Amino acid sequence: MTKKTKLELTWPGKEERPRLEPRILIEDPAKSYHAKVRREDDIFDNMLIKGDNLLALKALEQDFAGEVKCVFIDPPYNTGSAFTHYDDGLEHSLWLSLIRDRLEIIKRLLADDGSLWITIDDNEAHYLKILGDEVFGRSNFVSNVIWQKKFSPQNDAKWISASHDHVLCFAKDKSNWFPNPLPRSQAMDDRYKNPDNDPKGPWASTDITRAEHRDRDYWGLLTPAGKEVFPARGRSWSRPKANIEKLKEEGRLWFGPNGDRMPRLKKYLSEMDGGLTPQSIWPHDEVGHNQEAKKEIIALDFETVFDTPKPERLLQRILHLATQPGDLVLDSFAGSGTTGAVAHKMNRRWIMVEIGDHADTHIVPRLQKVIDGNDQGGISKAVDWKGGGGFRYFTLAPSLLEQDRYGNWVIAKDYNPAMLAEAMCKHMGFTYAPTSDPQEYWRHGASTETDFIYVTTQALTHEACARISHDVGPERSLLICCKAFDADADAFENLTLVKIPTSILQKCEWGRDDYSLNIQNLPEADDAAEEAQAMTEGLPLFAGEAGDE
């Protein structure tokens, strides 16, 4: 019997998967920030996480699976100079594994009607499209949007000057996801005229023939001037004869100023209430470009400026299409914090993850300006942003287990009882929810309304287990995670006893804090002019923003 094969993208190391530790998050109240004056509709539960983004995504999974409406990521672009110590084949393999591992968790975080948007350039766009098809399913691919990132050619380009990036869009379930229509602009409305004083008001016209000849739809139509007209060679009417005759009677066909031309169908401005269907080409005058993005960062008065930020208008377009106010937005390659800044101004909830020091040097002060209403650049004036809201600053807890001097895995010294209880809840699939009732001190978390978990570093005797079993009662069950126990575990029908760390020792990889590849995003040759311009502003380029051009 022949083995069934499938069409897929393969690379060295594809079958290897990291065994991720589900870390807990530790808030740093000194870096969390809230508006001084709180409004009733302000959003304060936004999250900025400093740490490895793969570990952070894993840390978020239990609480936020199925909750995120939109994910935007601007990952490293793998320009070829990113991996100076590897050959070309291995370079692509490492990059694909890095992205694949993150996409798999992102898919689980997305709501059923959620979507993922990824900016990428030509170096990896087509590999990424196939990888995305594999993770999300080919049927859930939405579009490859072309973003015009530059408005003029680079004359020193070696081959062809790159003027665009790709924005790949995938839906969690395409049958449940539909983009919001784009708002109409005044310029669009100004295209509608009324040369014949139609009582229905201004209109624009469209062709009423199709680019295909069908005998049944090829016939002569009499114009108001008495001239018989036919579709052009190779074409035919796009609607049945009765339908077109009715449109003529209703005055919805335009036969030219003398009433003797091929008809065109009138589309009335008064009937254009649903907004515009988004298209797959986004010119810079609609969503911004590289220089606009850099000017936005420069205006924030940082000592360093990123070489590849994204303009706020680009994020505004994506969040407008993919979300509604109050929806949750995630960016796990936060860079300079543009996603959070735009989401905040648009009254969306947000989570951002960034491993670099610029989480503190750039993102925190940028968001403080947004919250205080002092950032009036970007989209602020367009959305009438006045400030408000807040965010909480988190770091990843250290690994739960560490090796002692004999090489044995033990609970890390940094963990206090509350941290240990929360961490064990994550490992064992429980929601951390300690009770304040002293009579039920053993309730550290729950998996259902009647199933609970108790975490202790004590060694429990048979008598201690008997007392706990009595308190739990016959209608409830309890998982006890303890250092040791001297009891017959089968003697208590409502208790399950496991030891720490034995019960979790093989679950994941311990002591690893960094799953990134430390990619250095160096600019391409045809970006040299933009670099030079940034340097003339007296601002050194900061090569920490996710993405490359």
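The legends below describe a predicted model, first as a whole chain and then in close-up views. In this model local features need pLDDT of at least 70 and side-chain atom pairs count only at pLDDT 80 or more, whereas totals for chains, interfaces and linings use all residues. Residues are numbered from 1 along each chain as its sequence is written, and side-chain values use heavy atoms, with hydrogens and water left out.

**Figure 1. Overview of the chain, with its 13 helices and 29 strands.** Helices (H or I, at least four residues) and strands (E, at least two) are DSSP runs numbered from the N terminus. Taken along the principal axes, the box filled by the C-alpha atoms is roughly 105 × 70 × 60 Å. Of the 549 residues in the chain, 48% are buried, where buried means under 20% relative accessible area, exposed means over 50%, and partly exposed lies in between (1.4 Å probe, protein chains only). Among contacts (heavy atoms within 4.5 Å) with a separation of 6 or more, 72% come from residues 24 or more positions apart. The chain exposes about 27,100 Å², of which carbon and sulfur atoms supply 50%; these areas come from the Shrake-Rupley method with a 1.4 Å probe, and for residues only the protein chains shown count as cover. There are 67 positive and 88 negative side chains, and the centres of the two sets lie 6 Å apart. Lys and Arg count as positive and Asp and Glu as negative, while His and the chain ends are not counted, and each charge is placed at NZ of Lys, CZ of Arg, CG of Asp or CD of Glu.

**Figure 2. Strand β19 and three strands that pair with it.** Two strands pair if DSSP finds at least two bridges between them. Strand β19 spans residues 390-396 and is mostly covered, with five of its seven residues buried. Strand β1 (residues 25-27) runs antiparallel to β19 and is joined to it by three bridges, with E27 having F394 as its bridge partner. Strand β2 (residues 33-34) is likewise antiparallel to β19, through two bridges, and here H34 has G390 as its partner. Strand β3 (residues 46-50), by contrast, pairs with β19 in the parallel sense over five bridges, and K50 stands opposite T395.

**Figure 3. The open sheet of five strands, in the order β22-β23-β24-β26-β28.** The pairing in this sheet is mixed, and its edge strands, β22 (431-432) and β28, each pair on one side only. Strand β26 (residues 477-482) runs parallel to β28 and is joined to it by five bridges; within this pair, the bridge partner of L479 is T496 in β28.

**Figure 4. The loop residue I504 and its surroundings.** I504 is found in the loop between β28 (495-499) and α13 (528-536), and with a relative accessible area of 0% it is buried. Apart from its neighbours within four places in sequence, I504 is in contact with L400, L401, M424, H427, M428 and W510. One of these partners, M428, is 76 residues away from I504 in sequence, yet the two are 8.4 Å apart in space, C-alpha to C-alpha.

**Figure 5. The open sheet of three strands, in the order β8-β14-β13.** The pairing in this sheet is antiparallel. β8 (203-207) and β13 (253-254) stand at the edges with a single partner strand each, so one side of each is left without a neighbour in the sheet. Five bridges join β8 to strand β14 (residues 264-268) in the antiparallel sense, and T206 has L265 in β14 as its bridge partner.

**Figure 6. Helix α8, residues 312-322.** This helix is mostly covered, eight of its eleven residues being buried. The buried residues of α8 are E312, L314, L315, R317, I318, L319, L321 and A322.

**Figure 7. Cysteines C70 and C465, in a structure with zero disulfides.** A disulfide is a pair of cysteine sulfur atoms within 2.5 Å. For C70 the closest cysteine sulfur, in C169, is 8.1 Å away, too far for a bond, and C70 is buried at a relative accessible area of 0%. For C465 the closest cysteine sulfur is that of C482, at 6.8 Å, which is also too far for a bond; C465 counts as buried, at 0% relative accessibility.
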